[in-house]
Amino acid sequence: MTMNCKPIPTLDDRINEIRLRTAEIVNEDILPNEHRLWAARQEGESMEHRREVLELRAEIKEKVRKAGLWAPHLPQEYGGMGLDFLAHAYMNEVLAYAIGAASLFGVVAPNSGNQSILVKYGTEEQKEKWLLPLIDGTMESGFSMTEPHNPGSDPRSLTTTAVEEGDNWVINGHKWFTSNGIAADFFIVMCRAVAAGAEPTKHDPMVQIIVPTNVPGVNIVRGIGIWGGKTSDHCEVKYEDVRVPKENALGHVGEGHQAAQDRLGAGRIYHCMNSVGQMWRAFDLMVERARTRQVHGGLLQDKQFIQGFIADSYIDIQAARLMTLHAAEKIDRGLQAARTDISAIKVFVPSAYGRVVDRAIQVWGAAGISNDLPLAAMFLGARTLRLADGPDEVHRILIAKNVLGQYAKGEGWDFGN
Ligand SMILES: Cc1cc2nc3c(=O)[nH]c(=O)nc-3n(C[C@H](O)[C@H](O)[C@H](O)COP(=O)(O)OP(=O)(O)OC[C@H]3O[C@@H](n4cnc5c(N)ncnc54)[C@H](O)[C@@H]3O)c2cc1C
């Protein structure tokens, strides 16, 4: 089934056109080829098959570029569409309907987040050396912040150090869940900057440092197996006396925490925009099956249990979608002002996504968890999102803190703004 995407009467023509052009590529080029595009991720495939898949991906990417739909998150001067967050959210719910489509439109985590911080914090030299190749796809990257022995929920606990020695930083630390670690040409590593000869303390300022992965001392220990799989591209990495030039610091020393928050703030809304598109897809699959499957003398669509699934999923999607659009609109007014809304969607949307996919799986029966349908992968993805980029509890704490802070100032919460 194709995605039903028609112009939205309240949107301006430009964004409606972007949505329609996106839907055309999703419906005509990506959905009919989804099985082949996924197959690249299966084990034991032949080289020829892999080449065919890569060619197909390249063809679709070229079509996306020609349609002026490449890299919606990047400014036009860097080859992107220069969309604001709201327009991006409207486009993204369409492109995310197809599995893996975001990468075919040039938005792929963690590269997209790294591109955004390089645009914001990078020097001209850093942009030339790292950002441009990342945009044209000749380089890959990772973001290396979380550590196995410290809580990722509290990034201020991190203990990886960067000591200034002459013209270099010398980095020592242990990270894990550095996504895209196998393919990455460089990592942006979150460190504490320690003065030469000083003992590290938890008050040392944070700094993000660009570390090429081929520098001696960058040891990729393993791709961590997740959800029962043997391995993944979420890597455990040890940094052992890694030396990189001082100019590899991204932004100023002390700006590291803020830069990471900027990156994660944007990343969180991208995750939610993707979830909305995927929920839409899961919903279509669920309704399609309910309309055709005969069980106990009648179609599933005529059973009230199933009608309940459809209604509850409709409510979950509408709520998640409107909250995401609202947060995107607020981000355009300033990331700080949107902090509460970003945390709210980061809790609500993955959880609603999980509920919708769960119901769709139930309606499909055994087929729902088979590899013939995208639902099983969506289910794991939705669950994973409740941890990645800050677990639910951390976001709930932030929401409550901001709300209580507002009331402490003697003002109620203004839900209209
Ligand atoms: C698929 C995936 C990809 C990832 N990619 C990256 C990446 O590219 N780069 C990177 O640096 N990191 C990455 N991460 C790591 C991710 O950011 C962390 O897992 C996350 O921040 C949580 O940190 P933690 O795992 O150390 O859990 P902890 O901080 O140990 O928290 C464990 C649990 O404690 C609970 N909790 C935490 N704080 C509180 C509190 N105050 N009150 C009550 N309960 C609380 C929460 O339920 C939480 O899940 C990835 C994670 C996943 C799952």
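In this predicted model, strands S2 and S3 form a hairpin in which 2 residues lie between the two strands, and Gly 166, located in the turn, has a positive phi of about 60°. The strands of this hairpin, S2 covering residues 161-165 and S3 covering residues 168-178, pair in the antiparallel sense over 5 bridges. Within this pairing, Val 163 has Val 170 of S3 as its bridge partner. Strand S3 also pairs with strand S7, which comprises residues 235-245, again in the antiparallel sense and over 8 bridges. One of the contacts in this second pairing joins Ile 171 to Val 242 of S7, the two residues being bridge partners. As a general point, side chains in a regular strand alternate between the two faces of the sheet.

Strand S3 also contributes to the charged contacts of the structure, in which a search of the whole model finds 15 salt bridges. Among them is the pair formed by Lys 175 and Glu 147, whose closest N and O atoms are 3.0 Å apart. Because Lys 175 lies in strand S3 while Glu 147 lies in the loop between strand S1 (141-144) and S2, this salt bridge ties together parts that are 28 residues apart in sequence. Both partners are covered: Lys 175 counts as buried at 0% relative accessibility, and Glu 147 is buried with a relative accessible area of 4%. In general terms, side chains of opposite charge can pair when their charged atoms come close.

A second salt bridge connects two helices, the side chains of Asp 341 and Lys 330 meeting at 2.8 Å, N to O. Asp 341 belongs to helix H10 (residues 339-364) and Lys 330 to helix H9 (residues 304-331), and the pair, 11 residues apart, links distant parts of the chain. Asp 341 and Lys 330 are both buried. A further salt bridge brings together the side chains of Arg 386 and Asp 392, with an N to O distance of 2.7 Å. Here the two partners differ in their cover, since Arg 386 is partly exposed with a relative accessible area of 29%, whereas Asp 392 counts as buried at 3% relative accessibility. Beyond these individual pairs, Arg 19, Glu 93 and Arg 321 are joined into one network by salt bridges that share partners.

The search for disulfides gives a count of 0 for the structure. For Cys 191, the closest cysteine sulfur is that of Cys 235, and the separation of 17 Å is too far for a bond, given that a disulfide requires sulfur atoms within 2.5 Å. Cys 235 is likewise in no disulfide, and its nearest cysteine sulfur is that of Cys 191, 17 Å away. The relative accessible area of Cys 191 is 0%, so this residue is buried, and Cys 235 is also buried, with a relative accessible area of 0%.

Aromatic contacts provide further links between segments of the chain, and 4 aromatic pairs are present in the structure. One of these is formed by Trp 130 and Phe 186, which are tilted relative to each other, with 5.0 Å from centre to centre and 55° between the planes. Trp 130 lies in helix H7 (residues 124-136) and Phe 186 in strand S4 (residues 186-194), and this pair links distant parts of the chain, the two residues being 56 residues apart. Both Trp 130 and Phe 186 are buried. Another pair, Phe 187 with Tyr 239, is edge-to-face, with a centre to centre distance of 6.5 Å and an angle of 80° between the planes. Since Phe 187 lies in strand S4 and Tyr 239 in strand S7, this contact ties together parts that are 52 residues apart in sequence. Phe 187 is buried with a relative accessible area of 0%, and Tyr 239 is buried with a relative accessible area of 1%. An aromatic ring also takes part in a contact with a charge, in that the charged end of Arg 65 sits over the ring of Trp 70, 4.0 Å from its centre.

Among the helices, H8 extends over residues 256-292. At 1.5 Å a residue, the 37 residues of this helix should span 54 Å, and the C-alpha atoms at its ends are 54 Å apart, which agrees with the expected value. Helix H8 is mostly covered, as 30 of its 37 residues are buried.

How values were computed
Residues are numbered from 1 along each chain as its sequence is written. This is a predicted model: local features need pLDDT of at least 70, side-chain atom pairs count only at pLDDT 80 or more; totals for chains, interfaces and linings use all residues. Side-chain values use heavy atoms; hydrogens and water are left out. Two strands pair if DSSP finds at least two bridges between them. Helices (H or I, at least four residues) and strands (E, at least two) are DSSP runs, numbered from the N terminus. A salt bridge is a side-chain nitrogen of Lys or Arg within 4 Å of a carboxyl oxygen of Asp or Glu. Buried means under 20% relative accessible area, exposed over 50%, partly exposed in between (1.4 Å probe, protein chains only). The expected span of a helix is 1.5 Å times one less than its number of residues. Rings of Phe, Tyr and Trp (its six-membered ring) pair if their centres lie within 6.5 Å; planes under 30 degrees apart count as stacked, over 60 as edge-to-face and the rest as tilted. A charge sits over a ring if NZ of Lys or CZ of Arg is within 6 Å of the ring centre and within 35 degrees of the ring normal.
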